[in-house]
Amino acid sequence: MRSFEGGGGKGVNNEGCEESDSILHLVRSAHMRTHHQRSWLLVLAVLSVLFLFFYQTHLSRPEAADRPCVTEAELLIRTTVERLPLNKLMDVERNRLGQLFTQLSDELSTRNSARPPPPPPVRPIYIITPTYPRPEQVPELIRMSQTLLHVKGVHWLVVEDAEKRTESVTRLLARSGISHDHLLAPMPDKYKAKKGAKPRGVSNRNRGLSWLRANATTGVFFFADDDNTYDLRLFEELRSVRVLGMWPVGLVTYTGLSSPVVKGGKLTGFYDGWVGGRQFPVDMAGFGVSVDFLMQRPGAEMPYRPGYEEDGFLKSLKPFDLSEIELKADNCTKILVWHTQTKKNKPAKPLNMTKFANSNIGQLNLQITVEDTRRP
Ligand code: UGA
Ligand code: MN
């Protein structure tokens, strides 16, 4: 077996040179050893750089979404390291490696300090929505929930004028993922029994107010009926209300519009198809109030007086000066909410469950509003 030991295979002919040759050999092998040691050190250094990178980009980030994309510095270091001919490591200038280390540590420290601070919490918006069981209820609330899904910081108070929570509404709210409370506030019997116009949604809205008094500390609220149409821009106008904000409402009725009248940037009165001796002839969808202001008015509530609900509620917020009313939607020049109405329909006749027994129709039957034939 051939041995490489001693490297003497070459043979040495010149005796006089033998001694100097072996010194040279010793020097060379010593040099080679340090050369090898340095190479290993450099390989080790490169591996540490790679490890540090791997650690920073993959292991130290719990969520993939938090990971920043590859930066220029990272790319530079990666490509340089890739280009390093590992077998000729000594050829690489040490300065270059030094620079890489500095660049890397700079990059890592800026990355850590440049992580954006968490966004400040948005001002909460409380939406008080009166609703009641009827064929249109679920479709209306689906449309409304899908509007509210676009709004940050919303807490939706869905208040039913009913003795018990409608299950399909409970399910819809849970499915929506919107922060909410599903409350009950049946209209008192004395108003229900009354002939003619009824105070619709009043018990619901007052329940919403008592919930706010017990649970809210800051933010704004707005009475948003379940059948209206809301432009997303409205919610940012509402969010900025400091005390009491007002804005125009488009009506789908013959009247067409309900709005504060603004001249020279000042509130001079109200435009509404029916004034009826009201001081504030505004639509329910035409104003928003700050929670702080409500807290300063512990007696504020909505009266059970059809047609005068808005006026009565606004009066119960007194004292305030008309000049304190904030004119939203660009000085009341934009319609960001529409008082729409859905045609009222009778509940469906009972489905033929004998013919469609043991089919999907049974499940679907539970999801629509069917006439209650048990009632006289
Ligand atoms: C208008 C106003 O915009 C309402 O704010 C006001 O309550 C109502 O008139 C009134 O003065 O009676 P309008 O579109 O005519 O609204 O009424 P609805 O949409 O039928 O009812 C207003 C809200 O109350 C709705 O969110 C509705 O779901 C709810 N509601 C209605 C009840 O909770 N119970 C009812 O029996 C009827
Ligand atoms: Mn309505």
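What follows is a chat about how the labels used for this predicted model are arrived at.

Colleague: I'm new here, so give me the overall picture: how many helices and strands are there?

Modeller: The protein has twelve helices and twelve strands. Of its 376 residues, 38% count as buried.

Colleague: Take D227, then. Why is D227 called buried?

Modeller: Its relative accessibility is 14%, and buried means under 20%. The 14% falls under that cut-off, so D227 counts as buried. You'll find D227 in the loop between β4 (220-223) and β5 (229-230).

Colleague: What is D227 in contact with, leaving aside its neighbours within four places in sequence?

Modeller: E140, T340, Q341 and T342. For contact, heavy atoms have to be within 4.5 Å.

Colleague: What makes D227 a donor to the manganese ion (ligand 2)?

Modeller: Donors are N, O and S atoms within 2.8 Å of this metal. The ion is coordinated by D227 (OD) and D227 (OD), at 2.1 to 2.7 Å, so these atoms meet the cut-off. Separately, UniProt places the feature "binding site" at D227, in an unreviewed entry.

Colleague: Now L149. Why is L149 called partly exposed rather than buried or exposed?

Modeller: Buried is under 20%, exposed is over 50%, and partly exposed is in between. L149 has a relative accessible area of 48%, so partly exposed is the label that fits. L149 is in the loop between α4 (137-148) and β2 (154-160).

Colleague: Which residues does L149 touch, not counting those up to four places away in sequence?

Modeller: S176 and I178. L149 and I178 are 29 residues apart in sequence, yet their C-alpha atoms are 6.6 Å apart in space. For the protein as a whole, residues 24 or more positions apart account for 71% of the contacts with a separation of 6 or more.

Colleague: S176 is in helix α5, right? How do you know that the buried residues of α5 are on the same side?

Modeller: In α5 (residues 167-176), the buried ones are S168, V169, L172, L173 and S176. They cover an arc of only 135° around the axis, which puts them on the same side of the helix. The face turned away from that buried side carries the exposed residues E167, A174 and R175.

Colleague: What covers the buried residues of α5?

Modeller: The cover includes α4, β2 and β3 (180-184). Just after the helix, G177 takes a positive phi of about 80°.

Colleague: Why are β3 and β11 said to stand at the edges of their sheet?

Modeller: Seven strands form an open sheet in the order β3-β2-β1-β4-β10-β6-β11, with mixed pairing. β3 and β11 (325-327) each have a single partner strand, so one side of each is left without a neighbour in the sheet. The twist averages 25° from one strand to the next.

Colleague: What makes β6 and β10 a pair?

Modeller: Two strands pair if there are at least two bridges between them. Three bridges join β6 (residues 244-246) to β10 (residues 287-290), so the pair qualifies. These two strands run antiparallel, and L244 stands opposite V289 in β10.

Colleague: Which strands does helix α7 lie across?

Modeller: Helix α7 (residues 202-215) lies across β1 (125-131), β2, β3 and β4, and runs at about 150° to β1.

Note on methods: Residues are numbered from 1 along each chain as its sequence is written. Chains are lettered from A and ligands numbered from 1 in the order in which they are written. This is a predicted model: local features need pLDDT of at least 70, side-chain atom pairs count only at pLDDT 80 or more; totals for chains, interfaces and linings use all residues. Side-chain values use heavy atoms; hydrogens and water are left out. Helices (H or I, at least four residues) and strands (E, at least two) are DSSP runs, numbered from the N terminus. Buried means under 20% relative accessible area, exposed over 50%, partly exposed in between (1.4 Å probe, protein chains only). The arc is that of the directions from the helix axis to the C-beta atoms. UniProt positions are given in the numbering used here, feature names are shortened, and annotations may be inferred rather than shown by experiment. Donors are N, O and S atoms within 2.8 Å of the metal (3.2 Å for Na, K and Ca); water is not among the atoms, so sites may look incomplete. Axes are lines fitted to C-alpha atoms, for helices over the stretch in contact, and angles run from 0 to 180 degrees between N-to-C directions.
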